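Me: I am new to this structure and would like to walk through it with you. Could we take it one question at a time?

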Amino acid sequence: MAVETDEEVRAQQLIAAEARAVELFDAVVARGILRPGVSERAASDTVRDLAADMFDVDRFWHKRIVRAGPNTLHPYSENPPDRDIAEDDIVFLDLGPVLEQWEADLGRTYVVGDDARKHALAASVQTVWDGARDHFAATEDITGEQLYDHVCRLAADAGWEFGGSIAGHLVGQFPHKHISGSEVGSYIAPGSREPMRRRDRAGLTCHWILEVHLVDRDVGIGGFFEQLLDIGPNAR
């Protein structure tokens, strides 16, 4: 019974951390932080300060990402030069605040202006995420590699290229590096061949973040969406 109770607490803490990250993103939009003329770095610093004001967040478990225009083509691992947000731009945020020792990992896309292609991309990242989530829910023994392949197919079917070398990862209590398992087995990626529904070496249920990075290299834009996959209000 104690193990089951602990697992329930873990899940609820992760869900609560994500809910606060959603509140943070909504506040970023409401306060007009993502506006023309603001640099990515300045926007990221403002997000940091806002997180501290709203939730007493004093650390992020991974680098804060605010990317605009052609910089949205770059995956997480790259560090393109700082760029100002432009008129009619597309922007994405990748936020990893630590809230009461629990990791949140949230990605959202925001469009400045009325460009139809950019709004279509912003809608597609969530549509592809939803389709991947549904496939995960319907496939009991799915592996990280299989889900990655499915996300890539969904992206192509929607008319986009999948822009990431991974489509998600394990998430848990800070620090993230203490998650048990092989390096590739901690990701939704090629070579990750263990069932995603499993317990880790410490006997804890694995919980996952699903992330979708879609790009249009001809236009020079990308969009990003990520959140909890297997628990929370968006799980199946």
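Reply: Happy to! One definition comes in handy before we start: helices (H or I, at least four residues) and strands (E, at least two) are DSSP runs, numbered from the N terminus. Please keep in mind that this is a predicted model.

Me: Then where is the place of aspartate 88?
Reply: With strands numbered from the N terminus, we can locate aspartate 88 by the strands on either side. The place of aspartate 88 is the loop between β1 and β2.

Me: What is the phi of aspartate 88, and is this residue buried or partly exposed?
Reply: Aspartate 88 is a residue other than glycine, yet its phi is positive, near 55 degrees. Its relative accessibility is 38%, and buried would require under 20%. Aspartate 88 therefore counts as partly exposed.

Me: Which residues does lysine 63 touch, leaving out those up to four places away in sequence?
Reply: Lysine 63 sits in the loop between α2 (40–55) and β1 (65–68). Its relative accessibility is 30%, so lysine 63 counts as partly exposed. Not counting residues up to four places away in sequence, lysine 63 touches Tyr76, Ser77, Glu78, Asn79 and Asp94.

Me: Is arginine 10 buried or exposed?
Reply: Arginine 10 belongs to helix α1 (residues 2–30). Beyond its neighbours within four places in sequence, arginine 10 is in contact with Trp102, Leu204, Thr205 and His207. Its relative accessibility is 13%, and because buried means under 20%, arginine 10 counts as buried.

Me: How many residues does helix α4 have, and what does α4 reach from its first C-alpha to its last?
Reply: Helix α4 covers residues 144–157, which makes 14 residues. At 1.5 Å a residue, 20 Å would be expected, and α4 comes close to that. From first C-alpha to last, α4 reaches 20 Å.

Me: What do the buried residues of α4 pack against?
Reply: The buried residues of α4 include Leu147, Tyr148, His150 and Val151. Their packing partners are α3 (116–138), β6 (161–162) and β8 (208–216).

Me: At what angle do α3 and α4 pack, and how far apart are their axes?
Reply: Two packed helices are described by the angle between their axes and the distance between the axes. Here α3 passes α4 in a right-handed crossing. The angle is about 140 degrees, and the axes are 9 Å apart.

Me: How do the residues of the contact of α3 with α4 divide into nonpolar, polar and charged?
Reply: On the α3 side we find Val128, Gly131, Ala132, His135 and Phe136, meeting Leu147, His150, Val151, Leu154 and Ala155 in α4. Gly counts as polar here. The contact divides into 7 nonpolar, 3 polar and no charged residues.

Me: Why is the pair of phenylalanine 92 and phenylalanine 224 called tilted or stacked?
Reply: This pair is one of 3 aromatic pairs in the structure. The ring centres are 5.3 Å apart and the planes are at 35 degrees, whereas stacked would require under 30 degrees, so the pair is tilted.

Me: Which strands hold phenylalanine 92 and phenylalanine 224?
Reply: The two residues are 132 residues apart, so to speak linking distant parts of the chain. Phenylalanine 92 is buried at 4% relative accessibility, and phenylalanine 224 is buried at 5%. Phenylalanine 92 lies in strand β2 (residues 90–95) and phenylalanine 224 in strand β9 (residues 221–228).

Technical notes: Residues are numbered from 1 along each chain as its sequence is written. This is a predicted model: local features need pLDDT of at least 70, side-chain atom pairs count only at pLDDT 80 or more; totals for chains, interfaces and linings use all residues. Side-chain values use heavy atoms; hydrogens and water are left out. Buried means under 20% relative accessible area, exposed over 50%, partly exposed in between (1.4 Å probe, protein chains only). Contact means heavy atoms within 4.5 Å. The expected span of a helix is 1.5 Å times one less than its number of residues. Axes are lines fitted to C-alpha atoms, for helices over the stretch in contact, and angles run from 0 to 180 degrees between N-to-C directions. A crossing is left-handed if the near helix is turned anticlockwise from the far one by less than a right angle, and right-handed if clockwise. Rings of Phe, Tyr and Trp (its six-membered ring) pair if their centres lie within 6.5 Å; planes under 30 degrees apart count as stacked, over 60 as edge-to-face and the rest as tilted.
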